[in-house]
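Student: Could you take me through one part of this model closely? I would like to see how a pair of helices can pack, and then meet a few single residues elsewhere.

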Amino acid sequence: MRFTHGFMVLFTFTVLISFVCCSPSKIDSAESEFGNNAYYFMALNSINQGNETLAVKYLKQGERNSTPLLARRCKEMLSTIGTVSERINAATDYYQDYPDEKSLLRLVQELTTGEEYSKIISLTEKLSSDVPAELKYLRFKALAKKNRVGYAGEIEDWFFHTTFTSFHKKFFEEYSKNFLAENLSPETITQVEFRLAVYNYNYTQAFGIISKLLSFQNNPAEWLANQTSFMLSDIGKTFVYGNANFTDNARICDAGAAAAENHGLSQALFYLRFYAGRLYDKSSAANAEIAMERFHKAMEAAPEPTNYDNALWYYFSTALKISTERVLQELNRFAPTIWDAWYYSDFFDTLSQRLLSSGEWQAFFSVYQTAESYMDSETRSKYAYICGRLIEQNVLHPHGFSKTETQNLALKLFSTAYEPGGLLYYRIMASERLNLQEEQFKKHIYDVLLEESKVPDPEMDLLMAGYIAFNLPEEIYPEWQENNSSISLKTTATAAEFLTQQNTLGFSVQALRMMSNSIYHADSQPEEWMYRMVFLRIFAYEISLACGEFGLSEPLFFGLVRSESFFDPVVSSSKGAIGLTQLMPSTAGDVARKLKLSDYDLEDSTTNLRIGAFYLEEQIRLFDGSVIEGLFSYNAGRKRVLNWKDVSTGMPKDLFLEVLPFAETREYGRKVSSAATMYGILYYGKSPSVTIQEIFGSK
């Protein structure tokens, strides 16, 4: 049975609703409901039960009778079952029916297993340079196995005209001493060694290699000008991170840039000017103007919008190091040329902290006025909210506005901050300034900016519906990871709800990750029930016990655990923090002594939550009951927060957050407080106003 587009959509959502809770009887019913589209899912269940013979039967029926996507999935799965020769035959059929890179890779994988290297070489003769790295790797492996020579151009193209990957590394390590030595010159092999060192972040080694390569050249500048963009990017990073002679390295880039300009090599000119700018910027504050000039020239030579944004970001950041006046001047000049507003969010965050911590209120407002139209929606909500608060604090007096006009402006700014697309934290905080009642708040707080480029594929929705109907939860998250841009929000939410009903930590965390991403990349407006999966109450019993013991707010502690670990009990940070509440071992040891715990395991959920809850309550208490300051202390340490308070005496706590010198701590305060507010709304009947006042204090 074939489906039209409209019928498929209706069918899919009917199935989603019917089969969220699956039982054997419902699976039987699903076979009837799905008709010819049931075979793929029946095959998956047969494989899970160890019955490959039955699975093959279903797959052969499915490839003939199912909708296009499911028919292809059946064909693909057939190539993974049986003996090597059977898999090769099935993969050959798959490639013949669906001749593209994905099916070719599947066939080449099986031919590699069968050691049919001549066939691989023949099949892969005309690959483009941008095919999956694994496909190129398997081609070159086949060439190596057959001892072929004369492929230097193709090999060099792969190593120097594409992003270096684990497959490049693997091939070089396996075949550098024979196949590559027979096909490439010693200097070319040294260049590959250089790229490998950069890939491994061994910039000291990379600097030694590039220095040797440059010493080989009669004209190093000409050699640099003729390198690929991938090589030049690696060379630039090596000059920045692999050696402290920044000015000397910058001059090398300058010489290469001059050669590139003479030969009209605009791509090389961009990279060499860009990295010269970065090196002059790192060398000395006195070289800031030179750095800006190099970034500007890089902008003029930028081959792609992403390159332009990269250079402009550094241009703005260097201007900020010179003076506030200079960065305002350059924003006024170049903000209209921004391509991707999201690329600059961290720059505007740094600029915000700098201006607010130095009390430059009017300059802050000027940035908002100049760049509002060119900011991403989250940055716009931040600047609008803070400008409104500065007006309320009577420290910002916009030029040319009467008192009444200024008050109206503040309301307008808060309304802008509350608009869909704004950062959740600033939307919540703006709702408090607008005095929105709970029902008014809930009417729009769930709205998001829809992603216009996202067009769900009804067949992908049908595939996800099948995983639910046939009780295949293990298939959902990998499928979503690979194809989430083609899956509708409603289908994702229903699949996430199904995962949470498995009562398994792993599936619940998968649901949380799916929804935390999809809710802000939506093709339709989310509903309240969907947000319950964005803010799941995992470990609810243990968190309730810990909060009860130490007198903590459950919404607050849920917000902390979600922000710290995403409810992963065995996660550890690069700094050594462990578990659900991300405790440092030394901190946990101090708390354990106070709790008289002689033997404890921070990867044990109950223990970690208990120690974390005690520590948070202690920090709040040490800051005279200030929840937000206790959160800052939890993240950054009590001494730092005390020092920050000394510098910002009398500042309202929401504005105090904005002047903290640690970007991580600023973001931590926003994440935990907004999550706590949402937990309060969704599960505890707490109005946002109550939660905000509990965290930040009264208005």
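Tutor: Let's start with helix α9 (residues 133–145) and helix α11 (residues 166–175), whose axes come within 9 Å and cross at roughly 15°. Helices here are DSSP runs of H or I with at least four residues, and strands are runs of E with at least two, numbered from the N terminus. An axis is a line fitted to C-alpha atoms, for helices over the stretch in contact, and angles run from 0 to 180 degrees between N-to-C directions. The two helices, α9 and α11, are therefore roughly parallel to each other, a label for angles under 35 degrees (over 145 is roughly antiparallel, 65 to 115 roughly perpendicular, and the rest oblique). Their crossing is right-handed, which is to say that the near helix is turned clockwise from the far one by less than a right angle, whereas anticlockwise would be left-handed.

This is a predicted model, in which local features need pLDDT of at least 70 and side-chain atom pairs count only at pLDDT 80 or more, while totals for chains, interfaces and linings use all residues. Residues are numbered from 1 along each chain as its sequence is written, and side-chain values use heavy atoms, with hydrogens and water left out.

Now look at who meets whom, where contact means heavy atoms within 4.5 Å. On the α9 side you will find Ala-133, Glu-134, Tyr-137, Phe-140, Lys-141, Ala-144 and Lys-145, and they meet Phe-167, His-168, Lys-170, Phe-171, Glu-174 and Tyr-175 in α11. The residues of this contact divide into 7 nonpolar, 1 polar and 5 charged. Nonpolar covers Ala, Val, Leu, Ile, Met, Phe, Trp, Tyr, Cys and Pro; charged covers Asp, Glu, Lys and Arg; the others, Gly among them, are polar.

Next, some single residues. Asn-249 is found in helix α17 (residues 246–262) and is buried, with a relative accessible area of 3%. Buried means under 20%, exposed over 50%, and partly exposed in between (1.4 Å probe, protein chains only). Leaving aside residues up to four places away in sequence, Asn-249 touches Phe-207, Phe-239, Asn-243 and Leu-279.

Trp-313 belongs to helix α20 (residues 305–322) and also counts as buried, at 19% relative accessibility. With the sequence neighbours up to four places away set aside, Trp-313 touches Tyr-343, Tyr-344, Asp-346 and Phe-347.

Finally, Ala-286 sits in the loop between α18 (266–283) and α19 (288–301) and is exposed, with a relative accessible area of 67%. The C-alpha atoms of Ala-286 and Ile-322 are separated by 9.3 Å, with their positions 36 residues apart along the chain.
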